[in-house]
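Subject: Structure handover

Hello,

Here is the structure you will be working with. Please open it first, then read my notes below.

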Amino acid sequence: LVFETISKGFRAARERLTGKGELSEDVVDAALKDVRLSLLEADVEFRTVKKFLRDVKQRALGEEVQLVAKGKDKKKVRVRPEDHFVQICHEALVDLMGPVDTSLARANKGITGIMMVGLQGSGKTTTTGKLARKLQREGHSVMLVAADVYRPAAIHQLQVLGERLGVPVFAAPGANPVDICRDATEEASIKGVDFVIYDTAGRLTVDDALMAELENIQSSVHPANIFLVIDAMIGQDAVQTAKAFDERLDLTGVILTKLDGDARGGAALSIKATTGKPIKFLGMGEGLDKLDEFRPEGLAGRILGMGDLVGLMNDFQEVVDEEKAAADAEKMLGGGFGMDDFLQQIKTIQSMGSMRDLMDKMPLGSLFGGDIPDEVLEQAADDNELVKIEAMINSMTKKERADPELFLDESARSSVPAHAKLTRRKKRPRKPKAPDQLGPEDFIESRVQRVARGCGHQGEDVVALVSRFMVMRDMFGMLGDLMGGGGMLGKIP
Ligand code: GDP
């Protein structure tokens, strides 16, 4: 998981605080030790680590501690020290990484330039394509400029990207990069293009000749945005690289790439603190749609296991139209959805890409103690599994699809929690079974077998599917409660 190394430390700290009466200095120091270790392990720059720990400690001890807050029902409830601590860490993380305005600066008139700079292999060209796609989807016209003349492969790579996106690429092999950028800008003006993205050359390390060239491009075309692309996997070196580029160019901000391949991601926490320049976007994969806006609140939530609902909803909007997304979300969160919706959701989720990344954005940390069961993720992400699920659902009756609870034995039925609106039973057993505790013994064998025969799968597969559905419905229902209840999630805009 992205940021797993850092999350681990906060989880350990939280556990250490659980059951403690208050946030005394001893207790806070002990908890911060766990946080410190994991931040260093995740390659967060050490001065940033110190600054962050000092900040958290001050807030935890200095503030008038609000141990009492108003609960949902207006009754006063005690805030547990571990929750208070997490809250403080959330604020401190947000302050460390933000504020960030992820909108692109626009030129006063005419075309808007975006200059991409960074070391070779950092993901500059790929990110150029991602930004072009994003702008295109927002309805802007875009032109790409191949200003990396030293690597012929780089020009070709950009041309391939341009072709895929249907975006014109300006290239002039052999010419001087400064001339290329100027000529491209001229052509873009004539064509009336909205945005021009300059993909400049990189080197393996920061060197003077490269910097001089970039400075010349900057003063020649005056791009409204200059983004430094940094590979998250270079760890500690990210800070040095950012400083070196920031000294020579008027950087607008940083784009941190390859976070999908790095569980540490420390640079995300250090860059703003060390350079004063915000991270604007995160690269979360090789695909052109894998560019996330950097939202400190969302990231802090993910790190602390509180989830990132805004990010989650953005992902939904990538693949479905907004109205449908809103309707789906409402249905899901209200708990009132059946098997057909479930199938639709799985399909949507699959087209959103990595299930792991998705679950990472859900506030499930507290549910599973940070560890989402692997089988839940992997099964749902598997194509063959989808075909199988579809066959089983098609083999159910209409009634069963609308209310899969019909598969459950009478005694197990109310194990589906009340917010699943489909259950309106008055009598509930004293100890309802959690949906993830359902076993074959809770199912009506004859029903299960009928469906299994109908689609050529095993009874246990049907049991597994319905159980998974129940767990999913329960999770979404809880999510809905959290959002509606103004709990912790209310704090995440
Ligand atoms: P450039 O030399 O800076 O232009 O780097 P490229 O755009 O050619 O990227 C170098 C490699 O990193 C390519 O194989 C890309 O597919 C890969 N890459 C770029 N961004 C990401 C990302 O966010 N995640 C992952 N996993 N790979 C990326």
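Start with strand β6. In this strand, V196 is the bridge partner of M143. Helices and strands here are DSSP runs, numbered from the N terminus: H or I over at least four residues for a helix, E over at least two for a strand.

Before going on, note that this is a predicted model: local features need pLDDT of at least 70, side-chain atom pairs count only at pLDDT 80 or more, and totals for chains, interfaces and linings use all residues. Residues are numbered from 1 along each chain, as its sequence is written.

**The sheet**

M143 and V196 belong to a wider pairing. Strand β4 (residues 142-147) and strand β6 (residues 195-200) run parallel and share 6 bridges. Two strands pair if DSSP finds at least two bridges between them. On to β3: this strand also pairs with β6 in the parallel sense, over 5 bridges. There, M116 has D199 in β6 as its bridge partner.

The full open sheet has 8 strands, in the order β5-β4-β6-β3-β7-β8-β9-β10, and its pairing is mixed. β5 (169-170) and β10 (291-293) are the edge strands; each has a single partner, so one side of each lacks a neighbour in the sheet. Strands of a sheet pair through backbone hydrogen bonds, either parallel or antiparallel.

**Is β6 buried or exposed?** 6 of its 6 residues are buried, so β6 is largely enclosed by the rest of the structure. Buried means 20 or more other C-beta atoms within 10 Å of the residue's own; exposed means 12 or fewer; partly exposed is in between; C-beta atoms are placed from the backbone. Both faces of β6 are covered. F195, I197 and D199 are buried on one side, and V196, Y198 and T200 on the other. In a regular strand, side chains alternate between the two faces of the sheet.

**Helices on the sheet**

Helix α6 (residues 152-165) lies across β4, β5 and β6, at about 170° to β4. Helix α7 (residues 177-191) packs on the sheet too, touching β3 (112-118), β4, β5 and β6. Its direction makes about 165° with that of β4. Axes are lines fitted to C-alpha atoms, for helices over the stretch in contact, and angles run from 0 to 180 degrees between N-to-C directions.

**Two residues to compare**

S189 lies in helix α7. S189 is exposed, because 12 other C-beta atoms lie within 10 Å. Beyond its neighbours within four places in sequence, S189 contacts G110 and I111 (contact: C-beta atoms, placed from the backbone, within 7 Å). The C-alpha atoms of S189 and G110 are 6.8 Å apart, yet 79 residues separate them along the chain.

I271 sits in helix α10 (residues 267-275). I271 is buried, because it has 27 C-beta neighbours inside 10 Å. Leaving out residues up to four places away in sequence, I271 touches A238, V239, A242, V254, K277 and I279.

**The ligand**

Which residues come nearest to the ligand? Of the 18 around it, they are G123, K124, T125, T126 and G283. A residue is near if its C-beta atom, placed from the backbone, lies within 6 Å. Helix α5 (residues 124-137) gives the largest share of this shell, 3 residues.

Best wishes

Note on methods. Contact = placed C-beta atoms within 7 Å.
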